[in-house]
Amino acid sequence: ILAALGLLIAASPLGARNQPLPNQESFLIETRKHLQTDSTLQSSYVYVETRREQKLDKGGRTREESVKVFESYPGLPGEERWERLIAEDGRPVPAEELARQDRERQQKANEMVQRLARDSSKELARQERELQKARRERDEAMRDIYDVFEIRMIGRERVEEHDTIAFLLTPRRDAKPKTRVGEQIRHFSVRAWVSENDHELVKLEAVGIDDLKSGLGVLTRLHKGARLSVLRRRVNGEVWLPAVVSYSGSARVGLLVTLRRSGTSEFS
């Protein structure tokens, strides 16, 4: 959900703070053009992610906390990124466990090399199919997002030393999304802040306005009031990437179990 919302508002040919807001239709057209390169730039980076999760009681107090640190690497062609756990709750992962993770990764890489050696055209065709499928799903989700939300520019604000344009995204009651992403995001109200100078999303906040049901075997209900936010920063003076992602909320799993969680992911 967060990835889809982040793609929605990412660029802006805006002028100085005292100028009127730009035409929204033209702005959204430019936004779609800008989105073509963002995911490619992000996928080429290696980063460290520190995940903190708190288990909460009914009063919102922390009962238990876990901290995990991962190294994240670009995935093999047609695959998701590879995460390498390097520390947990302040303790480094033992060298033998790191070696095991590395062996498993090397095995997957070797298998791909072997597939290419046996029939390179078949393997390359598979990778291309996966790429085209991902593009289609992204484009369909983007169309759903624009159909689901009423988007409104609401003013200029200062965020993290950046002059930004603030947006309010309100779900339309009569929206009929066609994708899973569209069906999920219709349950959230969203605010977004966009840098005027860099044409990039600086901050995004989403709040659940009603319960969200999901799951086929075991039904999960994410309760109204769940919160999700993302803060982005410019890296190496060339690309904007996530810096901090945070969430909080409760969910009922099945008929009896209620989970209450909050957490953050910090990227470097």
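Let us walk through this protein chain together, from its overall build to a few pairs of charged side chains.

The model you see is predicted, so a good place to start is its confidence, which carries the name pLDDT and is given for each residue. The protein chain averages a pLDDT of 84, and 87% of the residues score at least 70. Confidence varies along the chain: among the elements, strand β4 (residues 91-92) has the highest mean pLDDT, 97, while helix α1 (residues 2-8) has the lowest, 53. Over residues 9-16 the pLDDT is below 50, although this stretch has 35 contacts in the model beyond its near neighbours in sequence. Where pLDDT is low, the predicted coordinates should not be read in detail.

Now for the general layout. The secondary structure comprises five helices and 13 strands. The chain has 268 residues, and 35% of them count as buried. Of the contacts between residues at least 6 apart in sequence, 50% join residues at least 24 apart. The accessible surface comes to about 16,100 Å², with carbon and sulfur atoms accounting for 50% of this area.

Next, look at the charges. Side chains of opposite charge can pair when their charged atoms come close. How many salt bridges does a search of the whole structure find? The search gives 18.

Begin with aspartate 102 and arginine 84, whose closest N and O atoms are 2.8 Å apart. This pair links distant parts of the chain, 18 residues apart: aspartate 102 sits in helix α3 (residues 95-118) and arginine 84 in strand β3 (residues 82-88). Are these two partners buried or exposed? Aspartate 102 is partly exposed, at 31% relative accessible area, whereas arginine 84, at 14%, counts as buried because the cut-off is under 20%.

Helix α3 also holds a salt bridge between arginine 100 and glutamate 104, with closest N and O atoms 2.4 Å apart. The two residues are separated by about one helical turn because they lie four residues apart in the helix. Arginine 100 is partly exposed at 33% relative accessibility, and glutamate 104 is partly exposed at 44%.

A third pair spans a longer stretch of sequence, 73 residues. Here arginine 233 in strand β11 (residues 227-235) meets glutamate 160, which lies in the loop between β5 (149-159) and β6 (162-171). Their salt bridge has an N to O distance of 3.0 Å. Arginine 233 is partly exposed, with a relative accessible area of 38%, and glutamate 160 is partly exposed too, with 37%. Finally, salt bridges can share partners: Glu49, Arg51 and Glu83 are joined into one network in this way.

Terms used:
Residues are numbered from 1 along each chain as its sequence is written. This is a predicted model: local features need pLDDT of at least 70, side-chain atom pairs count only at pLDDT 80 or more; totals for chains, interfaces and linings use all residues. Side-chain values use heavy atoms; hydrogens and water are left out. pLDDT is the predictor's confidence in each residue, from 0 to 100. Contact means heavy atoms within 4.5 Å. Buried means under 20% relative accessible area, exposed over 50%, partly exposed in between (1.4 Å probe, protein chains only). Accessible areas come from the Shrake-Rupley method with a 1.4 Å probe; for residues, only the protein chains shown count as cover. A salt bridge is a side-chain nitrogen of Lys or Arg within 4 Å of a carboxyl oxygen of Asp or Glu.
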